[in-house]
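Student: I should like to work through this protein with you, one element at a time. May we begin once the sequence and the structure are displayed?

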Amino acid sequence: MFSIYILTYNEELDIAACIESAMLSDDIIVVDSCSSDRTVEIASRYPIRVVQHAFESHGRQRTWMLESIPPKHEWVYILEADERMTPELFAECEQALKSSEYIGYYVAERVMFMNHWIRYSTQYPRYQMRLFRHGKVWFTDYGHTEREVCEGATSFLKETYPHYTCSKGLSRWIEKHNRYSTDEAKETLYQLDKGKVEWRDLFFGNSEVARRRALKDLSLRLPARPLLRFLYMYFLLGGCLDGRAGLAWCTLQAFYEYLILLKAWEMKYLPTPSLDSPISLSKDSNQEAQKEGLGSSN
């Protein structure tokens with residue numbers, strides 16, 4: 001058996017289905033980032049642990065979780081609210097943790113969008129570190145997300161998990177990626193200044209994870225990134241085979257890339273507004289403000 005951590009923030013639409021998919025485990029811990037909706041209320045209906053901690057970043061939240069909330073079992077699995085555990089994946093996890101050769105396992109996601117599995121344009125299989133021995137894997141920040149630091153050998157599982165990336169609607173997806181793009185813009189400027197491309201990993205990396213990360217570092221240095229990303233996903237990866245959902249997905253990803261570029265430019269070239277800067281009104285502007293009642297002392 002292994003413990004399952006579930007990370008949440010305003011997940012009232014997903015949390016029940018996520019918890020129920022994880023009930024194969026006898027130790028489920030919901031780590032909530034102080035949601036303002038009914039996430040905690042709904043999660044508390046189940047025989048699980050619910051802990052709240054103010055969100056700082058994805059990497060820090062995971063590290064705090066692992067350090068502060070001891071699991072019942074030696075092995076743990078990290079699940080997010082818009083993902084699901086499957087019986088097949090759970091069974092493979094149980095078999096995997098019996099081995100003493102590895103301290104952690106990567107699991108591939110199946111991105112579900114517009115009621116369709118986006119198989120081609122998502123670089124499937126894309127692996128994430130999910131199952132690992134507690135105390136042997138930690139997380140650091142990278143852009144809007146995190147990267148794992150592993151103290152030992154790792155491997156890959158064959159079973160996958162569904163990721164309902166737009167389960168709360170397109171408006172929520174856009175709002176979330178608007179926030180993500182700010183972190184990605186900061187990471188872009190940092191990588192361009194101090195980072196480098198691991199060319200060996202790009203061509204000869206020993207895993208999909210190493211090759212994908214090297215490709216991302218290279219992409220930060222390419223011109224016309226939004227257009228290149230669309231062409232890469234839709235034609236080279238075969239996103240055109242994902243149908244209408246694939247076209248929409250590739251378009252949204254290109255838009256996301258463009259938003260990152262715009263914010264990176266803004267951070268680099270536009271001065272940050274200061275609240276301490278004096279505000280002066282021209283005579284005409286002051287008279288207009290008084291007409292609107294803005295200049296009164298009441």
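Student: Which residue of β2 stands opposite threonine 8?

Tutor: This is a predicted model. Strand β1 (residues 3-8) and strand β2 (residues 28-32) run parallel and are joined by five bridges. Across this pairing, the residue of β2 that stands opposite threonine 8 is aspartate 32.

Student: Which residue of β4 stands opposite isoleucine 6?

Tutor: Strand β1 is also joined to strand β4 (residues 75-80) by five bridges, and the two run parallel. In β4, the residue opposite isoleucine 6 is leucine 79.

Student: How many of the six residues of β1 are buried?

Tutor: In a regular strand, side chains alternate between the two faces of the sheet. On one side of β1, Ser3, Tyr5 and Leu7 are buried, and on the other side Ile4, Ile6 and Thr8 are buried. Both faces are thus covered, and the number of buried residues in β1 is six.

Student: How far apart are the end C-alpha atoms of helix α5?

Tutor: Helix α5 (residues 170-194) has 25 residues. At 1.5 Å a residue, these should span 36 Å. The distance between the end C-alpha atoms agrees with that expectation, at 35 Å.

Student: What covers the buried residues of α5?

Tutor: The buried residues of α5 include Trp173, His177, Tyr180 and Glu184. Residues three or four places apart in an α-helix point the same way, because there are 3.6 residues a turn. The cover over the buried residues of α5 includes β8 (137-142), α3 (58-68), α7 (208-219), α8 (225-236) and α9 (243-269).

Terms used:
Residues are numbered from 1 along each chain as its sequence is written. This is a predicted model: local features need pLDDT of at least 70, side-chain atom pairs count only at pLDDT 80 or more; totals for chains, interfaces and linings use all residues. Side-chain values use heavy atoms; hydrogens and water are left out. Helices (H or I, at least four residues) and strands (E, at least two) are DSSP runs, numbered from the N terminus. The expected span of a helix is 1.5 Å times one less than its number of residues. Buried means under 20% relative accessible area, exposed over 50%, partly exposed in between (1.4 Å probe, protein chains only). Contact means heavy atoms within 4.5 Å. Two strands pair if DSSP finds at least two bridges between them.
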